[in-house]
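Visitor: I would like to go through some of the terms used for this model and hear the reasoning behind each of them. Could we take them one at a time?

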Amino acid sequence: MQMNGSSSSFGPGGLDLAQSFFKPIQNGAPPSTTKRHTKISVVGVGNVGMAIAQTILTQNLADELALVDAKPDMLRGEMLDLQHAAAFLPRTKISASADYSVTVGSDLCIVTAGARQKPGESRLNLLQRNVALLSDIIPPLAKHSPDSILLIVSNPVDLLTYVSWKLSGFPSNRVIGSGTNLDSSRFRFLIADHLNVNAQDVQAYIVGEHGDTSVALWSTISIGGVPVLSFLEKQQIAYEKQTLENIHKEVIDSAYEVINLKGYTSWAIGYSVANLARSLLRDQRKIHPVSVFAKGFYGIDGGDVFLSLPAHLGRGGVLGVTNIHLTDEEVEKLRKSAETILEVQNQLGF
């Protein structure tokens with residue numbers, strides 16, 4: 001059953017009120033067919049999916065938003081709740097359905113659906129259940145929107161981005177995972193908080209796995225264009241490596257802290273994914289640390305693997321990976337992060 005947005009037809013016989021209400025001007029031409037119509041689909045209307053949908057709407061990133069979920073009542077409720085805010089939002093057509101045909105013609109498909117871990121369940125078993133879930137999601141998305149970009153948010157995001165790439169048959173540049181885009185935002189916030197500056201003036205990346213083996217690229221961090229570690233060394237300001245490691249650990253633990261306090265994360269990932277949607281669909285050509293096909297970069301050659309690297313994003317998806325100079329230690333940690341992902345990936349046998 002498909003649940004659409006409001007209609008211009010009223011009363012018995014379906015009178016089209018719009019045609020009666022508005023009189024066309026003389027010597028006019030029909031609307032241009034070349035005007036770009038942007039459509040985004042979000043699969044999964046849980047806390048994360050709805051935070052993403054809400055942020056997309058408030059930031060006016062789409063002309064049409066399609067929601068998909070397996071729970072029809074909740075899905076309809078979320079659609080209506082968003083539609084009822086129409087007077088306060090930019091004009092966007094909102095539709096919802098458990099049928100993937102509602103996503104047809106999407107420019108960007110965002111996947112947030114995922115199984116929750118059962119008590120005592122192994123990480124591998126949870127991953128296998130999520131792979132089975134994606135097997136029912138990705139093929140119909142690819143069928144209805146063969147030219148779209150897939151943006152995977154479900155966790156473990158690096159492994160599920162790889163699975164989505166295999167299931168979709170899409171070229172690697174059009175399959176992206178949200179990766180460490182949010183981790184890097186948390187990293188920038190913590191550094192900015194330490195130095196009492198605006199986080200937007202901090203250039204800092206977390207790369208690798210979105211998880212425990214992520215890598216903080218300390219050698220590349222700059223504040224207002226000033227490389228931090230080089231500045232400290234030139235000014236002979238002593239710092240302890242453990243202090244840096246503690247900040248990185250705080251980044252890794254921050255999501256767990258939010259989950260322990262409120263039960264889930266939603267708003268930060270909503271803003272993070274909307275930020276990615278803007279860069280992709282508006283062809284912003286911005287650099288984001290997201291999960292991309294990483295084989296061939298920084299000596300990663302153990303197999304096909306997706307992990308986060310600073311990627312150049314635009315309307316075509318991943319336009320390239322930034323050639324950042326890493327220290328030998330950072331390269332080694334990044335390779336180990338890739339090996340960790342590949343080890344689990346090989347257990348999947350996918």
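Visitor: What makes Glu209 count as buried or exposed?

Guide: This is a predicted model, and in it Glu209 has a relative accessible area of 8%. Buried means under 20%, so Glu209, at 8%, is called buried.

Visitor: Where does Glu209 lie, and which side chain does Glu209 join in a polar contact?

Guide: Glu209 is placed in the loop between β11 (206-207) and β12 (215-216). Its side chain and that of Thr213 are joined at 2.5 Å, and because a polar contact requires a pair of N or O atoms within 3.5 Å, the value of 2.5 Å satisfies that distance limit.

Visitor: Why is α5 called oblique to α10?

Guide: The axes of helix α5 (residues 157-168) and helix α10 (residues 328-348) come within 10 Å and cross at roughly 50°. Angles under 35 degrees would count as roughly parallel and those from 65 to 115 as roughly perpendicular, and since roughly 50° belongs to neither range, α5 is oblique to α10. The crossing of these two helices is right-handed.

Visitor: Which residues make the contact between α5 and α10, and how do they divide by character?

Guide: From α5 come Asp158, Leu159, Tyr162 and Val163, while α10 supplies Ile341, Val344, Gln345 and Leu348. Of the residues in this contact, six are nonpolar, one is polar and one is charged.

Visitor: What is notable about the peptide bond from Asn155 to Pro156?

Guide: Most peptide bonds are trans. The bond from Asn155 to Pro156, however, is cis, with omega near -5°, and Pro156 sits in the loop between β8 (149-152) and α5.

Visitor: What is the sign of phi at Asn60 and at Arg285?

Guide: Most residues other than glycine have a negative phi. Asn60, although it is not a glycine, has a positive phi of about 55°, and for Arg285, likewise not a glycine, phi is positive at about 55°. Asn60 belongs to the loop between α2 (47-58) and β5 (64-68), whereas Arg285 is found in the loop between α9 (267-281) and β15 (286-293).

Visitor: Why is Asn60 called partly exposed, and what relative accessible area does Arg285 have?

Guide: Partly exposed is the term between the cut-offs of under 20% for buried and over 50% for exposed. Asn60 has 37% relative accessibility and therefore counts as partly exposed, and Arg285, with a relative accessible area of 46%, is partly exposed as well.

Note on methods: Residues numbered from 1 in each chain as written. Predicted model: local features only at pLDDT ≥ 70, side-chain atom pairs only at ≥ 80, totals over all residues. Heavy atoms only, no water. Axes fitted to C-alpha atoms, helices over the stretch in contact; angles between N-to-C directions. Helix = DSSP H or I, 4+ residues; strand = E, 2+ residues; numbered from the N terminus. Parallel < 35°, antiparallel > 145°, perpendicular 65-115°, else oblique. Left-handed = near helix turned anticlockwise from the far one by under 90°. Contact = heavy atoms within 4.5 Å. Nonpolar A, V, L, I, M, F, W, Y, C, P; charged D, E, K, R; others polar. Buried < 20%, exposed > 50% of the residue type's maximum accessible area, 1.4 Å probe, protein only. Polar contact = N/O pair within 3.5 Å; in protein donor to acceptor, adjacent residues only side chain to side chain.
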